[in-house]
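Work through the exercises below with the sequence and the structure beside you, and try each task before you read its solution.

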Amino acid sequence: KNKLRLKNPTSLLKDGGGESGVTLELSSNPGYGIVRMSDSYTQINIKNNSWEYVTLGVGLKDSALVVNYDGHLIRNAIDGRMFYVGLGSFYEGMSVTLRSSFKKENDTTESKLTE
């Protein structure tokens with residue numbers, strides 16, 4: 001089966017990527033990495049909740065995301081948005097997104113995914 005393999009997984013797992021983060025360059029596909037598929041985030045509003053997301057995919061390594069890992073979540077090192085798989089379904093064909101925290105209308109604090 002086809003699998004994406006990171007070039008530097010140990011750096012991400014060992015120290016979470018450090019302050020500067022780890023680039024998601026692929027060893028399985030030299031010259032490529034995990035990238036945002038759009039320059040802008042899509043905003044979703046449902047009742048009193050909102051969040052933003054962008055779909056991830058494979059693109060040129062120069063555009064690869066730089067991330068950190070805290071032992072629970074993989075986050076974009078630049079804006080802190082988290083990796084998210086819809087409905088927690090880690091099956092072939094499911095899209096992976098970079099998503100903001102949920103925000104409730106008229107609430108200045110953002111709730112975390114784990115709450």
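β4 and strand β9 (residues 102-104) pair in the antiparallel sense over 2 bridges, where strands are DSSP runs of E with at least two residues, helices are runs of H or I with at least four residues, both numbered from the N terminus, and two strands pair if DSSP finds at least two bridges between them. The model is a predicted one, in which local features need pLDDT of at least 70 and side-chain atom pairs count only at pLDDT 80 or more, whereas totals for chains, interfaces and linings use all residues. Residues are numbered from 1 along each chain as its sequence is written, and side-chain values use heavy atoms, with hydrogens and water left out.

**Exercise 1. Follow the pairing of strand β4.**

Task: find which residues stand opposite serine 50, tyrosine 53, valine 54 and glycine 57.

Solution. Begin with β9, where lysine 103 stands opposite serine 50. Next take strand β3 (residues 42-46), which is joined to β4 by 5 bridges and runs antiparallel to it; here threonine 42 stands opposite tyrosine 53. In the hairpin of β3 and β4, 2 residues lie between the strands, and lysine 47 takes a positive phi near 55 degrees. Then turn to strand β8 (residues 96-99), joined to β4 by 3 bridges in the antiparallel sense, with leucine 98 as the bridge partner of valine 54. Finally, strand β2 (residues 32-36) is antiparallel to β4 over 5 bridges, and valine 35 is opposite glycine 57.

**Exercise 2. Describe the surroundings of valine 22.**

Task: state which residue in β5 is the bridge partner of valine 22, and which residues valine 22 touches.

Solution. Strand β1 (residues 22-23) pairs with strand β5 (residues 66-69) in the antiparallel sense over 2 bridges, and the partner of valine 22 in β5 is valine 67. If residues up to four places away in sequence are not counted, valine 22 touches Asn8, Ser11, Leu12, Gly17, Leu65, Val66 and Val67, a contact being heavy atoms within 4.5 Å. Both Val22 and Val67 belong to the largest nonpolar core, which has 12 residues in all; such a core is a set of buried Ala, Val, Leu, Ile, Met, Phe, Trp, Tyr and Cys residues joined through side-chain atoms within 4.5 Å.

**Exercise 3. Compare the partners in two salt bridges.**

Task: decide whether glutamate 25 is buried or exposed, and then where glutamate 52 and arginine 81 lie in the chain.

Solution. A salt bridge is a side-chain nitrogen of Lys or Arg within 4 Å of a carboxyl oxygen of Asp or Glu, and the structure holds 4 of them. In one, the closest N and O atoms of lysine 7 and glutamate 25 are 3.4 Å apart. This pair links distant parts of the chain, with lysine 7 in the segment before α1 and glutamate 25 in the loop between β1 and β2, 18 residues apart. Buried means under 20% relative accessible area, exposed over 50% and partly exposed in between, with a 1.4 Å probe and protein chains only. Glutamate 25 therefore counts as buried, at 16% relative accessibility, whereas lysine 7 is partly exposed because its relative accessible area is 46%.

In another, glutamate 52 and arginine 81 meet through their side chains at 2.3 Å, N to O. Glutamate 52 lies in strand β4 and arginine 81 in the loop between β6 and β7 (82-85), 29 residues apart. Arginine 81 is buried, since its relative accessibility is 18%, while glutamate 52 is partly exposed at 25%.
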